[in-house]
Amino acid sequence: MELKGKTILITGGTAGIGLEAAKQFLSNGAKVIITGRNQQKLDEARKLYPALTAIKSDVANADDAQLLFSKIKDLGGIDILYNNAGVMSGPQNLGIANDKHFELAKYEMDINYLGVIRLNNLFIEMLKSRKEGAIINTSSLLSYVPLNLGPTYSASKAAMRFYTVSLRDHLKILGSKVKVFELVPPVVATSMTEHVETKGISPEKLVNALIAGIKNNRFTIRVGITKLVYLANRLFPKIAYRLVNPAENASQLQS
């Protein structure tokens, strides 16, 4: 897929993977629009990369999503929707009664999964009208093997993986040329994964792999150790689970 001249919308684009993606897509000749919930961070991103268009919007808020769609339409539309926004709550032992379990699970699902479906539904006809449109959904290594420190995050990414496969098939059935890419990262060194002891790859390395995959029309883009975990889970699921959940994790779930 050609990136030069495309307009791309990146949710959660003010830091980490989203900001790095904005930087690299700009360097590949794309026009980039980012969203985020924090106006100060949006302003800081614009100072770093003045070519960006920044719009304050929360993917979990239906009114925000509708307003975002209207603003994008007024700007001339997009060719690529990159659903990057995501959250992970800190470790919680589900075996200890706590009202926070439901509250945090809903928070994660609203952003990581349901918000993606909402935006895809809003933008799908626009993307179908483009000469070469695409959706990028981010699942995770944890869509194959759950992390016991982030059970709902893992569940949201498993849901995202199956949704992405279905969406791709449904568009094919309709004869649509919209491409659906699934980015499957390992642990990435961002603020979201600070409580995970596994060393993460850099956002730069992840986005390098994403862009290479898009350019080569590789629709499932497994990066780094994700490839190993994917194969290990198919052949040796117990070993894969221990690989993702080392014994040290238990110390964070004792209370």
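Which residues are linked with Lys-6 in a network of salt bridges? The tour answers this at its fourth stop, after a view of the whole chain.

**Before starting**

This is a predicted model, in which local features need pLDDT of at least 70 and side-chain atom pairs count only at pLDDT 80 or more, while totals for chains, interfaces and linings use all residues. Residues are numbered from 1 along each chain as its sequence is written, and side-chain values use heavy atoms, with hydrogens and water left out.

**Stop 1: the whole chain**

Display the full chain as a cartoon. It contains 8 helices and 7 strands; helices (H or I, at least four residues) and strands (E, at least two) are DSSP runs, numbered from the N terminus. The radius of gyration is 18 Å, close to the 18 Å that the globule rule gives for 255 residues, so the chain is as compact as a globular protein of that length. Here the radius is taken over C-alpha atoms, and the globule rule is 2.2 Å times the number of residues to the power 0.38. Along the principal axes, the C-alpha atoms fill a box of roughly 50 × 40 × 30 Å. Of the 255 residues, 47% count as buried. Buried means under 20% relative accessible area, exposed over 50%, and partly exposed in between (1.4 Å probe, protein chains only).

**Stop 2: strands S1, S2 and S3**

Select residues 31-36, which form strand S2; 5 of these 6 residues are buried, so S2 is largely enclosed by the rest of the structure. Add strand S1 (residues 7-10), which runs parallel to S2 and is joined to it by 4 bridges. Two strands pair if DSSP finds at least two bridges between them. Thr-7 stands opposite Lys-31 in S2. Between S1 and S2 the chain passes through helix H1 (residues 16-27), and this β-α-β crossover is right-handed. That term applies if, with the strands pointing away from the viewer, the path from the first strand over the helix to the second runs clockwise.

Next, add strand S3 (residues 53-56), which pairs with S2 in the parallel sense over 4 bridges. Ile-33 has Thr-53 as its bridge partner in S3. The crossover from S2 to S3 goes through helix H2 (residues 39-48) and is also a right-handed β-α-β crossover.

**Stop 3: strand S6 and its neighbours**

Move to residues 179-184, strand S6. Is this strand buried or exposed? Its 6 residues are buried, 6 of 6, so S6 is largely enclosed by the rest of the structure. In a regular strand the side chains alternate between the two faces of the sheet. Colour Lys-179, Phe-181 and Leu-183 for one side of S6 and Val-180, Glu-182 and Val-184 for the other; both faces are covered.

Strand S5 (residues 134-138) pairs with S6 in the parallel sense over 5 bridges, and Ile-135 stands opposite Val-180. Together with helix H5 (residues 151-173), S5 and S6 make a right-handed β-α-β unit. Strand S7 (residues 220-222) also runs parallel to S6, joined by 3 bridges. Val-184 has Arg-222 in S7 as its bridge partner. Arg-222 counts as partly exposed, at 24% relative accessibility.

**Stop 4: salt bridges**

Show the side chains of Lys-6, Glu-132 and Lys-179, which are linked in a network of salt bridges. A salt bridge is a side-chain nitrogen of Lys or Arg within 4 Å of a carboxyl oxygen of Asp or Glu. By this rule the count comes to 6. Lys-179 and Glu-132 meet at 3.1 Å, N to O. This pair links distant parts of the chain, with Lys-179 in strand S6 and Glu-132 in the loop between H4 and S5, 47 residues apart. Lys-179 is buried, with a relative accessible area of 16%, whereas Glu-132 counts as partly exposed at 21%.

Select Asp-79 and Arg-130 next: they form a salt bridge whose closest N and O atoms are 3.5 Å apart. These residues are 51 apart, Asp-79 lying in the loop between helix H3 (62-74) and strand S4 (80-83), and Arg-130 in the loop between helix H4 (100-128) and S5. Asp-79 counts as buried at 10% relative accessibility.

Finally, centre on helix H4, where Glu-103 and Lys-100 lie 3 residues apart, about one turn of the helix. Their salt bridge has its closest N and O atoms 3.6 Å apart.
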